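Me: I would like to learn how to read a protein model feature by feature. Please take the ligand site and then the backbone.

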Amino acid sequence: MLAGKRILLIIGGGIAAYKSLDLIRRLRAQNATVTPVITNAAKEFVTPLSVSALAGEKVYQDLFDLTDEAEMGHIELSRAADLIVVAPATADLCAKMAGGHANDLASTLLMATDKRVLIAPTMNVRMWQHPANQRNLATLQADGILTVGPNEGDMACGEFGPGRMAEPDEIVDAVTAALATGPLAGRHVLVTSGPTHEPIDPVRYIANRSSGAQGTAIAQALAALGADITFVTGPADVAPPSGVTVMPVQTAVEMAEAVKSALPADAAVFAAAVADWHVVNAAQSKIKKDAKGSLPVLKFAENPDILAQVSGMKKGRPKLVVGFAAETDNVTQNATAKRKRKKCDWIVANDVSPSTGIMGGSENAVTLITKDGSQDWPRMSKRQVADRLAGAIADALGAAGDT
Ligand code: C5P
């Protein structure tokens, strides 16, 4: 899949740098060319010799080496690649990227490049959660930087949580998705997925049974056709796909904000099972059981209808807006009415009655509803539904052309 692709791999100074050696092997096994750049800090973890030996290429280390007339300049180096991969992307490298620093070879290349950049962040869990790091990551995502990981698990520092670098095979998948060429190359598609959690108090919330499986499969299928995906996901059971920009949210209000910030997009697929209401009198501290047996009373307010909001946009509306309708009765009839009410282009309707085993299961049986009528698709895996839907979206955007 990666034959002939040129990857500029920037290795940052974190303990996970050892995994970058394996990453080089795996990229080369797919016939990609890997040009390695190593920061000074990374040299404390892996040696330039091992990096260079595995890459089969010279390893670039020093900004001022490159200013020599005889050498490749940093501008050329930053642009000769098809993709820049930063693995490990340490907190410091992320901060430099977010701030636009250019005080060493790695940061200068990242500033000078006109190519897409994929980062595999890794750091101590507290550093990952630090507001400064979260701000930097949000800036990078808004700048269109692709991310893969970090994963949750045991860390070399003895702590547990998010901060482990994605595994080399996950990074290879993300590279493949980032370099995918296909009918959706250059198109930005927004996908919402998963349930939302609406708090009752700091420890309790209202949720639904959505696993996020269908939304994740759709994002994967669209990415495989070359689309740039922004994946806005509630707390789902399945991991988000690699090689897409992930915006994790908890509540419907947060999802609406994330969707707004991710626009414009060529198409938007709203596969999330968004809660219809949130609790307006959610407590700031845990609600205690009353000794006299009086019960808490929850007051609800309607959540923003994200699909309807985006479908109704006067300016900057995605060319194709696809909604979902999870119904238990009169599926086609209700979904047809929903398409009109919400003003979206297509509705993917499915029967989520418990007897179908669809909600939380691996298969789906859907009806695609467009302005021209309805089309029943046979029961198939959620991945197959996703592939077919992604193909239909590619056809529709292709027919819409560039406007
Ligand atoms: O819940 P409902 O049947 O109205 O959902 C239909 C569609 O609307 C789905 O695509 C869902 O993602 C979207 N929706 C939304 N915001 C809401 C409720 C639903 O985007 N608050």
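Reply: What follows goes through the ligand site, the salt bridges and the unusual backbone geometry of this predicted model.

Me: Which residues are around the ligand?

Reply: A residue counts as near the ligand if one of its heavy atoms lies within 4 Å of it. Here the shell consists of F270, A272, V274, D276, P304, D305, I306, L307, G323, F324, K338 and K342. By class, seven of the shell residues are nonpolar, one is polar and four are charged.

Me: Which backbone atoms lie at what distance from an oxygen atom of the ligand?

Reply: A polar contact is a pair of N or O atoms within 3.5 Å. A backbone N or O atom of F270 is 2.5 Å from a ligand oxygen, and for a backbone N or O atom of A272 the distance to a ligand oxygen is 2.7 Å. P304 also takes part through a backbone N or O atom, which lies 2.8 Å from a nitrogen atom of the ligand.

Me: How much of the accessible area of the ligand does the protein cover?

Reply: On its own the ligand has 440 Å² of accessible area, and the protein covers 87% of that.

Me: In which pocket does the ligand sit, and which elements give two or more residues to the shell?

Reply: The ligand sits in the second largest pocket. The elements giving two or more residues to the shell are α11 (306-311), β16 (320-327) and α12 (331-342).

Me: How many salt bridges does the count come to?

Reply: The rule asks for a side-chain nitrogen of Lys or Arg within 4 Å of a carboxyl oxygen of Asp or Glu. The count comes to 18. One of them joins the side chains of D82 and R6, at 3.2 Å from N to O. This pair links distant parts of the chain, with the two positions 76 residues apart in numbering: D82 is in the loop between α3 (74-79) and β3 (83-89), while R6 is in strand β1 (residues 6-11).

Me: Where are the cis peptide bonds?

Reply: Most peptide bonds are trans. A cis bond joins A87 and P88, with omega about -5°, and P88 is in strand β3. The bond from G149 to P150 is also cis, with omega near 5°. P150 belongs to the loop between β5 (146-147) and β6 (151-154).

Me: What is the phi of N330, and what is that of K343?

Reply: Most residues other than glycine have a negative phi. N330 is not a glycine, yet its phi is positive, about 40°; N330 lies in the loop between β16 and α12. K343 likewise has a positive phi, near 60°, and its place is the loop between α12 and β17 (346-351).

Methods:
Residues are numbered from 1 along each chain as its sequence is written. This is a predicted model: local features need pLDDT of at least 70, side-chain atom pairs count only at pLDDT 80 or more; totals for chains, interfaces and linings use all residues. Side-chain values use heavy atoms; hydrogens and water are left out. A polar contact is a pair of N or O atoms within 3.5 Å; within protein, one must be able to donate a hydrogen and the other to accept it, and residues adjacent in sequence count only if both atoms are side-chain atoms. Accessible areas come from the Shrake-Rupley method with a 1.4 Å probe; for residues, only the protein chains shown count as cover. On a 1 Å grid over the protein atoms alone, a cavity is a set of points where a 1.4 Å probe fits but cannot get out, and a pocket is an open set with protein on both sides within 12 Å along at least five of seven lines; lining residues have an atom within 4 Å of a point. A molecule sits in a cavity or pocket if more than half of its atoms lie within 2 Å of its grid points. Helices (H or I, at least four residues) and strands (E, at least two) are DSSP runs, numbered from the N terminus. Ala, Val, Leu, Ile, Met, Phe, Trp, Tyr, Cys and Pro count as nonpolar, Asp, Glu, Lys and Arg as charged, and the others, Gly among them, as polar.
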